[in-house]
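Colleague: I should like to go through the packing in this model with you. Could you bring it up?

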Amino acid sequence: MSGNGNNELLKVEHVTKLFGGLAAVNDVSFTVNSGEIKGLIGPNGAGKTTLFDLITGIQRPTSGKVYFKGIDVVGMRPDEITSLGMVRTFQTIKIFEGMSVIENVMVGRHSRTRTGLFSSGFLLPRSRKEELETFEHSMRILEMLGLETRAFDAGTNLPYGQQRLLELARALACEPEMLLLDEPAAGLNPYETQELTQLLERIKSDGVTLLVVEHNMGLVMNISDEVIVLDYGEIIARGAPEEVQNDPKVIEAYLGSGIGNAKG
Amino acid sequence: MVLIIVTLALKKSTGLQWILSGLTVGSIYALMAMGFSVIFSSTRVINFAQGEFSMLGGMLMYTFSNRAGIPALYSFILSVLIVTLIGAGFERLVIHPLKKPSVITIILITIGLSIFFRAAAKWIWGTDTLAIAPFSGDKPFKLLGATLVPQSLWIFGFTLLTVVLMFIFFNRTILGKGMRAAAENPEAATLVGVSPPATSLVAWTIAAALGASAGIIIAPIKFVSFDVGVMLGLKGFASAILGGLGYAPGAVVGGLSLGVLETIVAGVFPSGYKDAVAFLVLVIVLLLRPQGILGRQEKLE
C-alpha cells in the first residue's frame with residue numbers, strides 16, 4: 001500500500017456513491033497492480049456492479065477518485081476510458097443484434113482504428129486496408145476463444161455460453177490493458193466454467209490485468225491473486241483467497257447465502 | 001384500393017407511368033428518409049431541419065449554376081459541400097456544447113433551426129419560385145410506353161449510388177459498424193470505445209449531405225423556393241416512419257412506396273389530395289404498425 005506508482009494500474013481512492021441517503025458504495029479504496037487478477041466478491045446488493053459503473057464512467061462517484069495509469073478518470077466518458085485501455089463486460093449480455101459474430105468483435109476495434117469519415121466515406125485504400133486488418137485481428141481473437149466457425153452467424157443465434165465468450169472477444173478486440181469482468185461465469189455450465197478459467201489464465205499471461213466480479217467461488221478462488229470482499233458497499237475483507245475464505249466476517253456476510261453451497 | 005387496382009389493370013401504360021413518376025419522387029423521399037433515419041438511429045433525435053438542408057441545397061445550386069454560371073457538376077458538388085459543412089458545423093457549435101441535453105431539447109432546437117434557415121433563405125433569395133435547368137436537357141423520352149424526363153434518370157441513378165454507398169459505409173467500414181452498434185445499444189457501444197459525440201457528428205454530416213443532394217436533384221422538376229423544405233421534410237419523415245424509423249433499408253422502401261402511392265392517388269383523385277396521402281399514411285402506420293414496414297419493435301429500456 002505504500003506509494004509505488006509504477007506498478008499500480010488502477011487506483012480507487014475513497015470512492016463513495018450515494019443514492020438518496022443510502023450509500024451503495026461507501027469509502028472504498030483499493031489498487032490493482034499490473035499483471036494481477038483481482039477478485040471482487042460479496043453478497044447480492046453489496047455494490048459490486050455499482051463500483052464497476054463508477055470505475056468505467058457509467059456513473060459518477062459522489063466523492064472519491066479513480067486513477068487509471070495515473071490519469072484521473074472521474075468525469076470522463078466511458079468511450080474515453082475504453083480508449084485509455086480499460087474495458088468492461090456486463091452481467092447481462094449485450095450483444096449487438098443484427099450484427100454477425102465477427103462484426104460484433106470488429107466494432108470492438110473501433111477505438112484502435114483511425115480512419116475518419118472522409119476516408120471511409122470515399123473508400124480510400126487506407127480504409128480498405130484497415131478494414132482487412134481489423135477483420136484478421138478479430139478472426140484471431142475468435143480463434144483463441146474457439147468461436148471461429150460461428151464467425152458469420154448472427155451474434156444472437158449463439159447459445160448462451162458462446163454469447164458470453166463473444167462479449168469477452170469484443171472486449172479483447174479493444175486491446176485492453178485492464179479488463180473488468182462482471183460475472184463472466186454467470187449461466188455457464190461446469191465444463192464451460194472450466195474453459196473460462198483457462199481462458200482467463202491465458203489472458204493474464206498475455207499481460208492483461210483483470211478485475212473480476214464473480215459469484216462462482218471456485219472460479220474466483222482459483223484464479224485470483226487477491227480477493228476483495230464487499231458488503232453493504234464497504235470493503236470488509238481483503239487478502240489471498242485462502243485467507244479471505246476463512247475470515248469470520250466474510251463467512252458471516254455470506255451466511256445462508258452462498259459460501260457453504262458454493263462449488264469448490 | 002380496389003378502385004386503384006382496377007384502374008391500373010384497365011390502363012396498363014398509365015399504370016406504368018404512375019409507377020415511374022412515383023419512383024422518381026419516391027427516390028427523393030427515400031434520400032430524405034435516410035437523412036432522418038441516420039440521425040435518429042444514432043441520437044434518437046428527429047431533425048426537423050432536415051427539409052431545410054434540401055431547400056438550402058436547391059437554393060445554392062440555383063445561385064451557383066444559374067447566377068454564377070458554374071457548370072452543373074461543380075455547382076452540385078459545391079452546394080452539397082456547403083450544406084454538409086453547415087450541418088456538421090451546427091452539430092459541433094450548437095448540439096455538441098450542450099451538457100447532457102434531453103432528446104426533446106434537441107428536437108426543439110432543430111425546429112428553431114428550420115425556422116431560422118427559412119427566414120434566412122427568404123431574406124437572401126426572396127419569395128420567388130426559382131427554376132433550375134435539368135442536368136442534361138429536358139426533352140422527354142419514352143420508356144415502355146411511359147414518358148419520362150431525363151432528370152428522372154439522374155434521380156434514379158443518384159439514389160441508387162447513394163444507397164450502395166450507404167450500404168458499404170454501414171457494413172464494410174469500422175466507422176459504419178460503430179454507428180450501427182451505437183444505434184443498437186448505445187451503452188454497450190460506448191463501452192467498446194464508440195464515442196457518442198463522434199457518432200452524432202458523423203450522423204449530422206451524412207444527413208446534411210443527403211438532404212442537400214435530394215433538394216438539388218429534384219429542383220429541376222419541382223422548382224425551388226424558400227419554403228420547399230417544409231413539405232419535403234414532412235414527406236421524408238412520413239417515409240421514414242412508413243419504412244421503419246432508424247432502419248436504412250426501411251427508409252428506401254418507405255420513400256419509394258410513398259412516392260408511388262402519392263402519384264397513384266393524384267392520378268385517380270383530384271391531385272390536390274396528393275399531399276394528404278403522406279399524412280394519412282403517417283396516421284395509419286402509427287396506429288397499426290408503429291415500427292414501420294421493415295422496422296423492428298423498439299425495445300424499451
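Modeller: What follows concerns nonpolar cores and helix packing in a predicted model.

Colleague: Let us start with the largest nonpolar core. Which of its residues touch the most other members?

Modeller: Val38(B) and Leu258(B) do, in a core of 71 residues. The element that gives the most to this core is helix H9 of chain B, residues 196-222, with 13 residues.

Colleague: Is there another core apart from that, and which residues are among its members?

Modeller: Another core, of 45 residues, lies apart from it. Its members include Val105(A), Met139(A), Leu199(A) and Val194(B).

Colleague: Back to Leu258(B). What is it in contact with, leaving aside neighbours within four places in sequence?

Modeller: Leu258(B) is in contact with Tyr29(B), and with Lys235(B), Ala238(B), Ser239(B) and Leu242(B). Val277(B), Ala278(B) and Val281(B) complete the list.

Colleague: You mentioned H9(B). At what angle do H3(B) and H9(B) pack?

Modeller: Helix H3 of chain B, residues 50-67, packs with H9(B) at an angle of about 50°, and their axes are 7 Å apart. The two helices are therefore oblique to each other, and their crossing is right-handed.

Colleague: Which residues meet there?

Modeller: From H3(B) there are Gln50(B), Phe53(B), Ser54(B), Gly57(B), Gly58(B) and Met61(B). They meet Trp204(B), Ala207(B), Ala208(B), Gly211(B), Ala212(B), Gly215(B) and Ile216(B) of H9(B).

Colleague: And how do the residues of that contact divide by type?

Modeller: Seven are nonpolar, six are polar and none is charged. Gly counts as polar in that division.

Colleague: Why do the residues of a helix that point the same way come three or four places apart?

Modeller: An α-helix has 3.6 residues a turn, so residues at that spacing point the same way.

Colleague: Now chain A. How do H5(A) and H6(A) pack?

Modeller: Helix H5, residues 125-144, and helix H6, residues 160-173, pack at an angle of about 140°, with axes 10 Å apart. H5(A) and H6(A) are therefore oblique to each other. H5(A) passes H6(A) in a right-handed crossing. Ile141(A), Leu142(A) and Met144(A) of H5(A) make the contact with Ala169(A), Leu172(A) and Ala173(A) of H6(A).

Colleague: What is the division by type in that contact?

Modeller: Six residues are nonpolar, with no polar and no charged ones.

Colleague: One last topic: how many residues of H7(B) are buried?

Modeller: In helix H7 of chain B, residues 174-184, 10 of the 11 residues are buried, so the helix is largely enclosed by the rest of the structure. Among the buried residues are Lys177(B) and Arg180(B), as well as Ile174(B), Leu175(B) and Met179(B).

Conventions. Residues numbered from 1 in each chain as written. Chains lettered and ligands numbered in written order. Predicted model: local features only at pLDDT ≥ 70, side-chain atom pairs only at ≥ 80, totals over all residues. Heavy atoms only, no water. Core = buried A, V, L, I, M, F, W, Y, C linked by side-chain atoms within 4.5 Å. Buried < 20%, exposed > 50% of the residue type's maximum accessible area, 1.4 Å probe, protein only. Helix = DSSP H or I, 4+ residues; strand = E, 2+ residues; numbered from the N terminus. Contact = heavy atoms within 4.5 Å. Axes fitted to C-alpha atoms, helices over the stretch in contact; angles between N-to-C directions. Parallel < 35°, antiparallel > 145°, perpendicular 65-115°, else oblique. Left-handed = near helix turned anticlockwise from the far one by under 90°.
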